[in-house]
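Work through the following exercises with the sequence and the model side by side. Try each task before reading its solution.

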Amino acid sequence: MPTADIVSFGYLHGDPPAAHLTLDLREHFRDPHVSPELRYMTAHDGEVRQAVYATPGIPALIEATADAIVAFSHGPSAGPVCVAVGCAGGRHRAAAVAMALQTALAEEGVTATVAHRDLDKPVVDR
C-alpha cells in the first residue's frame with residue numbers, strides 16, 4: 001500500500017523540511033491571519049478550515065497534489081512520498097491543506113501521516 005508523510009510548516013519559523021514535493025501557499029492564497037476573528041485560531045478550528053477550503057483554487061490544488069502523490073508512489077522507490085505544505089506562519093493554510101490532503105489520499109488508497117511543525121507556535125506579528 002502506498003504511503004505519504006505530510007508536514008505542514010511556516011516559512012517564518014525556518015527553512016522548509018526536506019520533501020519530494022513542496023507546496024508554497026504564501027503568494028497565491030488568501031491568509032486567514034488577516035481576519036482578526038481567525039488570527040489566533042488554528043487549523044484545528046472548523047472556522048479556519050472552512051475559510052481555507054472556501055478559498056478559490058484550494059480544492060483543485062488538493063486534488064492535483066493528491067494525484068501527484070499517487071503518481072510518485074507508483075515510481076520505482078519503495079519509500080513514502082514526502083510532502084511539505086508551507087504558508088507564512090504554519091497555523092492556518094498549510095495545516096488545513098495538509099489535513100485535507102490526508103483525507104483525499106485515503107480516498108485514493110494512500111495511507112498518509114500528518115505532522116504540523118509550527119501549528120502550535122505563537123502567532124507571528126507582521
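The exercises below take up the nonpolar core, the salt bridges, the cysteines, a buried arginine and two positions in one helix.

The model is predicted, so local features need pLDDT of at least 70 and side-chain atom pairs count only at pLDDT 80 or more, while totals for chains, interfaces and linings use all residues. Residues are numbered from 1 along each chain as its sequence is written, and side-chain values use heavy atoms, with hydrogens and water left out.

**Exercise 1. The nonpolar core**

Task: find the residues with the most contacts inside the largest nonpolar core, and establish which helices and strands supply it.

Solution. Begin with the criterion: a nonpolar core is a set of buried Ala, Val, Leu, Ile, Met, Phe, Trp, Tyr and Cys residues joined through side-chain atoms within 4.5 Å, where buried means under 20% relative accessible area, exposed over 50% and partly exposed in between (1.4 Å probe, protein chains only). The largest such core has 32 residues, and those with the most contacts inside it are I6, I69, V83, V85, L101 and L105. Next, assign the core to secondary structure, taking helices (H or I, at least four residues) and strands (E, at least two) as DSSP runs numbered from the N terminus. At least two residues of this core come from each of strand 1 (3–10), strand 2 (21–24), helix 2 (46–53), helix 3 (58–73), strand 3 (81–87) and helix 4 (93–107). Helix 4 gives the most, with ten residues. Finally, look at V85: with contact meaning heavy atoms within 4.5 Å, and leaving aside neighbours within four places in sequence, V85 is in contact with I6, V7, S8, F9, L23, L25, A94 and V97.

**Exercise 2. Salt bridges**

Task: state how many salt bridges the structure holds, and describe the surroundings of the partners.

Solution. A salt bridge is a side-chain nitrogen of Lys or Arg within 4 Å of a carboxyl oxygen of Asp or Glu, and the structure holds four of them. One of these joins R26 and D24, with N to O at 2.6 Å; R26 is partly exposed at 34% relative accessibility, and D24 is likewise partly exposed, at 32%.

Turn next to D31 and R93, whose side chains meet at 3.3 Å, N to O. Because D31 lies in the loop between strand 2 and helix 1 (36–39) and R93 in helix 4, this pair ties together parts that are 62 residues apart in sequence. D31 is buried, with a relative accessible area of 11%, and R93 is buried with 3%.

Last, consider D118 and K121, whose closest N and O atoms are 2.8 Å apart. D118 is buried at 0% relative accessibility, whereas K121 is partly exposed at 31%. R117, D118 and K121 are linked in a network of salt bridges.

**Exercise 3. Cysteines**

Task: explain why C87 is not bonded to C82.

Solution. A disulfide is a covalent bond between the sulfur atoms of two cysteines, and the cut-off used here is a pair of cysteine sulfur atoms within 2.5 Å. A search of the whole structure finds zero disulfides. The cysteine sulfur closest to that of C87 is in C82, at 19 Å, which is too far for a bond. As for accessibility, C82 is partly exposed at 24%, while C87 is buried at 3%.

**Exercise 4. A buried arginine**

Task: determine what surrounds R91, which is buried yet has no salt bridge.

Solution. First locate R91 in the loop between strand 3 and helix 4. The nearest side chain of opposite charge (Lys and Arg count as positive and Asp and Glu as negative; His and the chain ends are not counted) is that of D120, 6.2 Å away. A polar atom of the R91 side chain lies 3.0 Å from the backbone oxygen of Y40. Leaving aside neighbours within four places in sequence, the residues in contact with R91 include R39, M41, T42, D118, K121 and P122.

**Exercise 5. Two positions in helix 3**

Task: decide whether F72 and A60 are buried, partly exposed or exposed.

Solution. F72 lies in helix 3 and is partly exposed at 40% relative accessibility; leaving aside neighbours within four places in sequence, F72 is in contact with H20 and V81. A60 also lies in helix 3, but is exposed, with a relative accessible area of 51%. To set a distance along the chain, note that the C-alpha atoms of A60 and A71, eleven residues apart in sequence, are separated by 16 Å.

Methods:
Polar contact = N/O pair within 3.5 Å; in protein donor to acceptor, adjacent residues only side chain to side chain.
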